[in-house]
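Colleague: I am new to this structure. Please take one part of it and look closely. Then lead me on from there.

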Amino acid sequence: MNDSSLRHHLLNAPLDEVMARSRAMRDATGARRLTYSRKVFIPLTQLCRDVCHYCTFAKAPRRLGSAYLPPDEVIAIARAGAAAGCKEALFTLGDKPELRYAAARNALAALGFGSTVDYLEHVAGRVLDETGLIPHINAGVLTREDYGRLRRVSGSMGLMLESASDRLGQRGGPHFGSPDKAPAVRLASIAAAGEAAIPFTSGILIGIGETREERLDSLFALRDLQRLHGHLQEVIVQNFRAKADTRMAQAPEPSERELLWSVAAARLILGAEVGVQSPPNLNPGRTRALIDAGLDDWGGISPVTVDHVNPEAPWPEIAELEHQCAAAGRSLVERLTAYPAYMAAPGRWLDAAVAPAILRHADAEGLARDGAWSPGMSSASPGSPERPLGASAPALLTDARIDAILSRAAAGDSLDEGDVTSLFAARGGAAETIVQAADQLRRATAGDTVTYVVNRNINYTNICTFSCSFCAFSKTSAKHGARDKPYDLPLAEIAERTREAWARGATEVCLQGGIHPRYTGDTYLSILRAVKQAQPDIHVHAFSPLEVSQGAETLGMPMADYLRLLKDEGLGSLPGTAAEILDDDVRAILCPDKLTTSGWLDVVAAAHSVGLRTTATIMFGSVEQPRHWARHLLAIRNLQFETGGFTEFVPLPFVHMLSPVYMKGRARKGPTWRETILMHAVSRIVLHGAIDSIQASWVKLGVDGAAACLNAGVNDLGGVLMNESISRAAGAAHGQELTVADLEEAAAAAGRPLRQRTTLYAEASPRPVEYALG
């Protein structure tokens, strides 16, 4: 539909029809959620050179205790917000007050600044650095240079267009006497923000005397700027509220029908990629109607500060808004100042100094993290066996798409990338449904018994020539970690550790290490001989696909031939590590010189072809997105149907604390708890009929976290892992080994029995040991 036809439709079609088309456009994205930002409101100055006839925010100097909030007060407000879980610091201020008021000029001089923008840049930078909150700046009309400066201290900015009608600035109009409200001036400033690549908010103010046609003019003008620059992440449709002590105190407020029509028109003109927002505190009782009109965002809501622009309108309780959204079949999800599409392209949209601060608050979808937990933390996990996802969420209406995906998976049908990504995006009640479905599949496939293996990790060297950006384990002479120094175990030490493991009841040794510059294919053969000479009966689970590839390459042998040599020397199976994320775009960031996706799959397939079973892993929660998780799982599923060689799938959440890529500000703080539970649950669902065993890593999750996963599709707790050191090197606080009693306690917490297994999932035969693990 062209612009003329769309305009005609909007002006003439029944409201129900317009709203239905708007809803359909929003819902076509597949995201059954509504977003908001948890913020604090910082009114840096309420002085303004404009005199809008409806505004109570702007005040004369005589009505203010100080012209500008002092820095310490700004920081105190921000810290209160951080303590309340806010991520956004909304700076709202009057437009260029120093051009009108001597009081503003004098106050700025006393603070040591020449302009409001100078002071704003300073205090926004302090808030970012000292509190971790991300500034969103509404500073009125700005120049391209202003935007460039403020971009260095903010995650997003905004300027309401309000109206594109020049008529409203004429004598008697609401913008008369307000030079910064001239439509051409505001549109030029919004365009300048686009040129500066600022994730931007704009909007219209309805009910101030404009006509419907003028409203459409405003929305089309914003749409044109969005098409030119791509920077409008959201457009607000704000309804005028008459306020006492203003020139428009007696003016009629727009009706609900006018508001709903305007929201629907905004959606249909701007398209599905731009958020459409309306303030919930200005519209109590209209939640469901606004959702039905096509809205997808509620804007900022503060648990700490009032709405200084509309102080008469209290914020809704977030919990109550969540229930209202759930009643409409949608989850309420906290977002960040920059929307996910802009988070996904930080090089274009975010300043290099700001991006790491935003990333620390982000989940895999670019939305806000839903808790403080990260893998490897010493604190208790948010979930439990009774409630794997943690605190209960409001019940959602049935999500037909999720139900259909789960039904197909249960029948053994293959899912596609979109299906799997949708499962990972589930929130609230939909996520609970997925977890329950996964556990039903676990019960049907693997039964109720929880399995484990008694093993010992032997990481024979942490010296590595590869440059994986996430790895805190590998060391070279020039790159020392925070916990360990470079080492290379002699064969005698490897043999001794093998004997100790057998004496303590281990049935397996798991051997992996860095790619040492002096190691060749013969080195790995020598390690196998040392282990088997020390204890012929122990199962050797050793060498990542990367190590196998390195060994074959150094000897100039075909992969399958080298794997046969390893098998002949006693190799029993391979750990499916070094997989990270099986997507080459992600691997280019995490492990650019490691095996490609096809290279990893080829090594594993070759191992299966010579009779060596392997595990499969995924390291998730660093830089990738849910669609990459989907690709990874589907690649594993497809290979399993070709070879049948995988014994288990092991999700390994990224431990961020000492990881170089995180410390450089280029990665998230690992997956959230919801993402972690869903990874285990969705793995069970996607791999149903292909891989029967899904394992939880207590090293990454803690024992209580692993126990919670047992009712989310997990049937195996891995090994007791004497001397695990890779996670510890990355900063994980959990111990290096567990006792069997610890595992029994975890299984019992989920109401399940525990049984020891072998590496290849046979029942372990009892045997005498010199001293047991619990």
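Modeller: Here is a close look at one strand and its partners, followed by other parts of the chain.

Keep in mind that this is a predicted model.

Start with strand β15, residues 613-620. Is this strand covered or open? It is mostly covered, as 7 of its 8 residues are buried. It has a partner in strand β14, residues 571-574. The two run parallel, and 2 bridges join them. One pairing to find is L574, whose bridge partner in β15 is T614.

Strand β15 also pairs with strand β16, residues 646-653. Here 6 bridges join the strands, again in parallel. Look for T617, which has V650 in β16 as its bridge partner. How does the chain get from β15 to β16? It passes through helix α24, residues 626-643. This β-α-β crossover is right-handed. As background, strands of a sheet pair through backbone hydrogen bonds, either parallel or antiparallel.

Strand β14 leads us to a helix. The buried residues of α19 pack against β14, and also against α18, β12, β13, α20 and α21. Those buried residues are G521, T523, Y524, L525, I527, L528, A530, V531 and A534. Helix α19 itself covers residues 521-534. Does its length match or miss the expected span? At 1.5 Å a residue, its 14 residues should span 20 Å. The end C-alpha atoms lie 21 Å apart, which agrees.

Now move to another sheet. Three strands make up an open sheet, in the order β17-β10-β18. Their pairing is parallel. Strands β17 (716-719) and β18 (754-756) stand at the edges. Each has a single partner strand, so one side of each has no neighbour in the sheet. From one strand to the next, the twist averages 20°.

Strand β10, residues 450-453, is joined to β18 by 3 bridges. Among the residues to find here is Y452, whose bridge partner in β18 is Q756. A helix lies across this sheet too. Helix α29, residues 740-749, crosses β10, β17 and β18. Its direction makes an angle of about 145° with β18.

Next, the charged pairs. How many salt bridges does the structure hold? It holds 50. Three of them are worth a visit.

Take E334 and R38. Their closest N and O atoms are 4.0 Å apart, and they form a salt bridge. This pair links distant parts of the chain. E334 sits in strand β9 (residues 331-334), and R38 sits in strand β1 (residues 33-45). The two residues are 296 residues apart. E334 is buried, with a relative accessible area of 11%. That value counts as buried because the limit is under 20%.

Compare that with D292 and R288. This salt bridge has its closest N and O atoms 3.5 Å apart. Why can these two meet within one helix? They are 4 residues apart in helix α10 (residues 287-292), so about one helical turn separates them. An α-helix has 3.6 residues a turn, so residues three or four places apart point the same way. D292 is partly exposed at 25% relative accessibility. R288 is partly exposed as well, with a relative accessible area of 43%.

The third pair is D419 and R408. Their closest N and O atoms are 3.1 Å apart. D419 belongs to helix α16 (residues 417-424), while R408 belongs to helix α15 (residues 400-410). They are 11 residues apart. D419 is buried, at 8% relative accessible area. R408 is partly exposed, at 31%.

There is a network to trace as well. Salt bridges with shared partners join R33, D363, E365, D370, R427 and R674.

End with a single residue, T92. You will find T92 in strand β2, residues 88-93. Is T92 buried or exposed? It is buried, with a relative accessible area of 10%. What does T92 touch beyond its neighbours within four places in sequence? Its contacts are F41, I42, P43, L44, T45, F57, N138 and V309. T92 and I137 are 45 residues apart in sequence. In space, their C-alpha atoms are 6.4 Å apart.

Notes
Residues are numbered from 1 along each chain as its sequence is written. This is a predicted model: local features need pLDDT of at least 70, side-chain atom pairs count only at pLDDT 80 or more; totals for chains, interfaces and linings use all residues. Side-chain values use heavy atoms; hydrogens and water are left out. Buried means under 20% relative accessible area, exposed over 50%, partly exposed in between (1.4 Å probe, protein chains only). Two strands pair if DSSP finds at least two bridges between them. A crossover is right-handed if, with the strands pointing away from the viewer, the path from the first strand over the helix to the second runs clockwise. A salt bridge is a side-chain nitrogen of Lys or Arg within 4 Å of a carboxyl oxygen of Asp or Glu. The expected span of a helix is 1.5 Å times one less than its number of residues. Contact means heavy atoms within 4.5 Å. Axes are lines fitted to C-alpha atoms, for helices over the stretch in contact, and angles run from 0 to 180 degrees between N-to-C directions.
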